[in-house]
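The following exercises ask the reader to examine a chain from its overall build down to single residues. Each task is followed by a solution in steps.

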Amino acid sequence: MQYIIATHNKDKLAELSRILEQLGNEAVTDRDLGIQLPEVEETGTTFAENAYLKAASACEATGLPAIADDSGIAVDALNGEPGIYSARYGFDDSLDDYGRLCLLLKNTEQVPDDRRQAQFVCVITLVTPDGKVIQARGEIHGELTRKPAGENGFGYDPIFYYPPLGKTTAELSPEEKNQVSHRANA
């Protein structure tokens, strides 16, 4: 089956495409279709609400079943922040992924090692043209490192240590990550 992936994030697109392909599905983007999906303002207060807004908009725009995710990192010592604001952490448009990662490290530098638990959270939403909505939530639990490690992944992966494999998620191969990640779990 063909699904449109409602994202402009090339890294999320690559991960979602690989996961869908493993399930025998074809992922297409607005670029593949020669259109541009409208930007969706993430006005929801939860990962589920924001994922739904994006998937519903893409389904309406294309007439195809649409898949969108909303995901982020939630740090226990920061009461779950940055959470749904992970991609906008610091609310400074000049910050890129690395800048947000550095800001999170700065904001947790006083957090002791035994209190650095965090989780990546992902909600994936499927909206079909006939109005069906399916949502799934996945998480991966780990802890924040004190400095980045690894060249794979994106976003906060270089500072998210996953104890069962003894590596940051940026040190995992794409195949390893697609077995354990919050996106794969969802």
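**Exercise 1. Backbone exceptions in loops and strands**

Task: In this predicted model, locate Phe91 and Asn79 and establish whether each is buried or exposed.

Solution.
Step 1. Phe91 is found in the loop that joins E4 to helix H3 (97–107).
Step 2. Its backbone is notable: Phe91 is not a glycine, yet its phi is positive, about 45°. Most residues other than glycine have a negative phi.
Step 3. The relative accessibility of Phe91 is 61%. The cut-off for exposed is over 50%, so Phe91 counts as exposed.
Step 4. Asn79 belongs to the loop between E3 and E4. Asn79, also not a glycine, has a positive phi of about 55°.
Step 5. With a relative accessible area of 77%, Asn79 is exposed.

Task: Which peptide bond is cis, and in which strand does its proline lie?

Solution.
Step 1. The bond from Glu81 to Pro82 is cis, and its omega is near 0°. Most peptide bonds are trans.
Step 2. Pro82 is part of strand E4, which covers residues 81–82.

**Exercise 2. The chain as a whole**

Task: Describe the order of the secondary structure elements and decide how the radius of gyration compares with the globule rule.

Solution.
Step 1. The chain contains five helices and eight strands. Read from the N terminus, their order is β-α-β-α-β-β-α-β-β-β-β-α-α.
Step 2. The radius of gyration is 16 Å, and the globule rule gives 16 Å for 186 residues, so the chain is as compact as a globular protein of that length.
Step 3. Along the principal axes, the C-alpha atoms occupy a box of roughly 50 × 30 × 25 Å.
Step 4. Of the 186 residues, 47% are buried. Among contacts with a separation of 6 or more, 57% join residues 24 or more positions apart.

Task: How much accessible surface does the chain have, and how are its charged side chains distributed?

Solution.
Step 1. The accessible surface is about 9500 Å², and carbon and sulfur atoms contribute 49% of this.
Step 2. There are 17 positive and 30 negative side chains, with the centres of the two sets 4 Å apart.

**Exercise 3. Two helices and their cover**

Task: Check the lengths of H1 and H2 against expectation, then state what their buried residues pack against.

Solution.
Step 1. H1 (residues 10–22) has 13 residues, and the distance from its first C-alpha to its last is 18 Å, close to the 18 Å expected at 1.5 Å a residue.
Step 2. The buried residues of H1 are Lys12, Leu13, Glu15, Leu16, Ser17, Ile19 and Leu20. An α-helix has 3.6 residues a turn, so residues three or four places apart point the same way.
Step 3. Their cover includes strands E1 (2–5), E2 (26–28), E3 (66–75) and E5 (117–127), together with helices H4 (174–180) and H5 (182–185).
Step 4. Just after H1 comes Gly24, with a positive phi of about 80°.
Step 5. H2 has 16 residues, which should span 22 Å at 1.5 Å a residue; the end C-alpha atoms lie 23 Å apart, in agreement.
Step 6. In H2 the buried residues are Phe47, Asn50, Ala51, Lys54, Ala55, Ala56, Ser57, Ala58 and Cys59. They pack against E1, E3, E5 and strand E6 (133–144).
Step 7. Gly63 follows H2 and has a positive phi near 80°.

**Exercise 4. Two buried loop residues**

Task: Leu37 and Ala170 lie in loops. Which residues are in contact with each, leaving aside neighbours within four places in sequence?

Solution.
Step 1. Leu37 sits in the loop between E2 and helix H2 (47–62). Its relative accessible area is 7%, and buried means under 20%, so Leu37 is buried.
Step 2. The contacts of Leu37 beyond four places in sequence are Ile4, Ile5, Ala6, His8, Asp30, Ala58, Ala61 and Thr62.
Step 3. Leu37 and Thr7 are 30 residues apart along the chain, and their C-alpha atoms are separated by 8.8 Å.
Step 4. Ala170 lies in the loop between strand E8 (167–168) and H4. Ala170 is buried, at 1% relative accessible area.
Step 5. Beyond four places in sequence, Ala170 is in contact with Ala149, Gly150, Glu151, Asn152, Asp157 and Pro158.
Step 6. The C-alpha atoms of Ala170 and Ile159, eleven residues apart along the chain, are 7.9 Å from each other.

Conventions
Residues numbered from 1 in each chain as written. Predicted model: local features only at pLDDT ≥ 70, side-chain atom pairs only at ≥ 80, totals over all residues. Heavy atoms only, no water. Helix = DSSP H or I, 4+ residues; strand = E, 2+ residues; numbered from the N terminus. Rg over C-alpha atoms; globule rule 2.2 N^0.38 Å. Buried < 20%, exposed > 50% of the residue type's maximum accessible area, 1.4 Å probe, protein only. Contact = heavy atoms within 4.5 Å. Areas by Shrake-Rupley, 256 points an atom, 1.4 Å probe, with all protein chains shown as cover. Lys, Arg positive; Asp, Glu negative; His and termini not counted. Charge placed at Lys NZ, Arg CZ, Asp CG, Glu CD. Expected span 1.5 Å × (residues − 1).
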